[in-house]
Amino acid sequence: MPLAQRLVRIWEDRVSLTKLKEKVTREDGRIILRIEKEEWKTLPSSLLKLNQLQEWQLHRTGLLKIPEFIGRFQHLIVLDLSRNTISEIPRGIGLLTRLQELILSYNKIKTVPKELSNCASLEKLELAVNRDISDLPTELSKLLKLTHLDLSMNQFTTIPLAVLDMPALEWLDMGSNSLQQLPDTLDRMQSLHTLWLQRNEITCLPETIRNMKNLGTLVLSNNKLQDIPGCMEEMTSLRFVNFRDNPLRLEVTLPPSDDVDGEEEQELFGLQFMHAYIQESRRTEDQVNCLTHTPSSTRSDG
């Protein structure tokens, strides 16, 4: 590169660094780089002079890529680059061993590198609305501290093995994907308390769902469910369910609530509906069994 060009590059980097320094704040004792709605398609290498940063908050900047040198920001705890135009996650991300939150929702990411599994402190991972992610590397099950995972609005056709094997996972959103069925091994997620599966193509629920002893919230609205398995009565931790907009085979109407304030309790396709549906399902089953086993009264004795 000719000297004149090099000098221009150095000058541009210095100008950029000055602008970036103006975006650094200290909040609750944490050093944060915060940029909102200001164009930064790329980040200059001069940013490395601010390698004490603990949090990046860059939203709606048009950022095209996470810089390759990201791994040198060893103090990073939160990396929030949502609502940009990032198309890939660099492998260097795995060097961020102190990173607790990685928020990359509303980008254009298609794949996730296995090196992410080296982020041993990661507790929260959000990859929602990237639209094209369809799988995760199995290595991500090594994220032993991950409790919160948002994979909504992508192209998953099943819950990835990596997710089923995440030991600490408590909150999972896989809404608005292309899930058709749930694996029988769903109950491996023993720590899970919240599961969002709205807007998929799920046709039935596995019996093993009864073993999810900590599950308190289960959202299944806008699917293709034709039935609610009776075993769900055993799920005593369930506090909120939603079966709205499913082609269920039985029509069940709840009795009017006596409690004027009981609107929440009277959620049309909620917990009360689920129990009423299961009872109705058993009643119709008993009727069918009764009809099939009743001896004919016209039978001759000889």
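How many bridges join strand β8 to strand β9, and which way do the two run? Three, and the strands run parallel.

## Ground rules

This is a predicted model, where local features need pLDDT of at least 70 and side-chain atom pairs count only at pLDDT 80 or more, while totals for chains, interfaces and linings use all residues. Residues are numbered from 1 along each chain as its sequence is written, and side-chain values use heavy atoms, with hydrogens and water left out.

## The sheet

Eleven strands (DSSP E runs of at least two residues, numbered from the N terminus) line up from β1 through to β11 in an open sheet with mixed pairing. Two strands count as paired if DSSP finds at least two bridges between them. β1 and β11 (240-242) sit at the edges with a single partner strand each, so one side of each has no neighbour in the sheet.

Back to the opening pair: β8 covers residues 171-173 and β9 covers 194-196. Asp173 has Trp196 in β9 as its bridge partner.

## Helix α1

α1 takes in residues 3-22 (helices are DSSP H or I runs of at least four residues). Its 20 residues should span 28 Å at 1.5 Å a residue (1.5 Å times one less than the number of residues), and the end C-alpha atoms are 29 Å apart, which agrees.

Ser16, Leu17 and Leu20 are the buried residues of α1 (buried is under 20% relative accessible area, exposed over 50%, partly exposed in between, with a 1.4 Å probe and protein chains only). They cover an arc of only 105° around the axis (taken from the directions from the axis to the C-beta atoms), which puts them on the same side of α1. Their cover includes β1 (24-27) and β2 (30-36), with contact meaning heavy atoms within 4.5 Å. On the face turned away from that buried side are the exposed Leu3, Ala4, Trp11, Arg14 and Glu22.
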